[in-house]
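Let's take a walk through this protein together. Have the sequence and the 3D view open side by side, and follow along at your own pace.

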Amino acid sequence: MTFWESLAVLLAGVGAGTINAVVGSGTLITFPVLLAFGLPTVTANVSNTIGLVPGSLSAAYGFRRELSGQRTRLIRTGSAALLGGLLGAFLLVKLPSKAFDAIVPVLILLALVLVLLQPRLARALAARRADGRGSGGDGGALLLVGLFCSAVYGGYFGAAQGVLMLAIMGILLDETMLRINATKNVLAMLVNGVAAVFFLFTSTVNWTAAGLIALGSVLGGLLGAKIGRRLPPAALRGVIVVVGLAAVIHLLTS
C-alpha cells in the first residue's frame, strides 16, 4: 500500500471502531476501503475481521461499568456467540469464494436496511419496555438461538451484526439499552475473536491491512465508548449508508 492508502485504511479503522462501539456496522466502513485498494473479497473480509478484534476489546473495556453484574448473562450469551462465530467463519472458508462474491452485495444491502431501521427499532424497544411488555428473566432459549444466528452471520461477514444483537436483546431482555450495548460489544469481540483465530490457520490474511485496521479500531473503540453517544446518530447512519452503497456498486460493476 502507498502512504495515502495506508492512511485511508487507518482512518477507516478509527471510524469502524467508533461506530461499532456505539451501535455496530463498522465493517461497512472498512470493507469497501479494502476492496477499493484491490484486495479480493474474501481476503478483505478475513483481514477486516482480524483487524477489528482489538477494537471490539477496547470498546468492551470502555463500557466496563455497564458490564457490572452481567457475568452470568455474558457466560450464557458468550457461549452462543462463540459457537455461532466459529460456524460462520467455517462457512466462509469452506464455501466457494464465488458464493461469497455473489452474496456479499445482498448482505450489505440487508445491513444497510437494518442501519436505516435502527432508530425505529430503538423506539419500538423503548416503548415495549415502558409498557412492561419485555420478556423478563434471562431471555430463555429464544435469546440464545437468536444470538447464535446473528453470530453465524457475524463470523461469515459481520456488517450490522451489532444492530441485530441490539434488536434481539432489546426485545427479550428487560434491561437498559446502555447495558445491552455493553453486552453487545463483548459478544461482537467474541465472534470476531473466534473467527479471527480460525482464519489464522485456514485463510489468507493481508497483515498490513489487518494491522492498520487494528490500530485504528482500538482508537475508535475508546473514542466511541467515551464520546460516540454524543455524535449525531443521523450523521453516523448517513456515512454508513453512503459507504455501503458505494461498496455494492463497486462489487456489482467490478
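The paragraphs below go from the overall fold to an internal cavity, then to the surface, and end with two pairs of residues.

Before we start, please keep in mind that this is a predicted model. The protein chain holds 10 helices and zero strands. If you trace the chain along its sequence, you will therefore read one helix after another, in the pattern α-α-α-α-α-α-α-α-α-α, with the helices being runs assigned by DSSP. Of the 254 residues in the chain, 54% are buried.

Now let's look inside. How many cavities of 30 Å³ or more does the count come to? The count gives one cavity, and its volume is about 170 Å³. Its lining is made up of 19 residues. To find the cavity in your viewer, select Asn20, Gly158, Gln161, Ala188 and Asn192, the lining residues that lie nearest its centre.

Which helices build this lining with at least two residues each? They are α1 (3-22), α3 (41-62), α7 (161-172) and α8 (177-202). The largest share comes from α3, which supplies five residues. You might also like to know the chemistry of the lining: 13 of its residues are polar, five are nonpolar and one is charged. Glycine is grouped with the polar residues here, so bear that in mind when you read the polar count.

Helix α8 deserves a second look, this time from the outside. On the surface there is a nonpolar patch formed by Val197, Leu200, Phe201 and Trp207. Together these four residues have about 490 Å² of accessible area. The largest share of the patch, three residues, comes from α8, a helix that also contributes at least two residues to the cavity lining. Is Phe201, a residue of the patch, buried or exposed? Phe201 sits in helix α8 and has a relative accessible area of 72%, so Phe201 counts as exposed, the cut-off being over 50%.

For contrast, turn to helix α3, where you will find Ser47. Its relative accessible area is 0%, and because buried means under 20%, Ser47 is buried. Ser47 also shows how the fold brings distant parts of the sequence together: Ser47 and Ile213 are 166 residues apart in sequence, yet their C-alpha atoms are 8.6 Å apart in space.

Our last stop is Leu144, in helix α6 (residues 140-156). With a relative accessible area of 26%, Leu144 falls between the two cut-offs and is therefore partly exposed. Leu144 can be paired with Arg76: they are 68 residues apart in sequence, and 7.7 Å separates them in space, C-alpha to C-alpha.

How values were computed
Residues are numbered from 1 along each chain as its sequence is written. This is a predicted model: local features need pLDDT of at least 70, side-chain atom pairs count only at pLDDT 80 or more; totals for chains, interfaces and linings use all residues. Side-chain values use heavy atoms; hydrogens and water are left out. On a 1 Å grid over the protein atoms alone, a cavity is a set of points where a 1.4 Å probe fits but cannot get out, and a pocket is an open set with protein on both sides within 12 Å along at least five of seven lines; lining residues have an atom within 4 Å of a point. Grid points are joined across faces, edges and corners, and a volume is the space filled by probe spheres set on the points. Helices (H or I, at least four residues) and strands (E, at least two) are DSSP runs, numbered from the N terminus. Patches are made of residues with over 30% relative accessible area and no salt bridge: like charges are joined within 9 Å, nonpolar side chains (Val, Leu, Ile, Met, Phe, Trp, Tyr) within 5 Å. Accessible areas come from the Shrake-Rupley method with a 1.4 Å probe; for residues, only the protein chains shown count as cover. A salt bridge is a side-chain nitrogen of Lys or Arg within 4 Å of a carboxyl oxygen of Asp or Glu. Buried means under 20% relative accessible area, exposed over 50%, partly exposed in between (1.4 Å probe, protein chains only).
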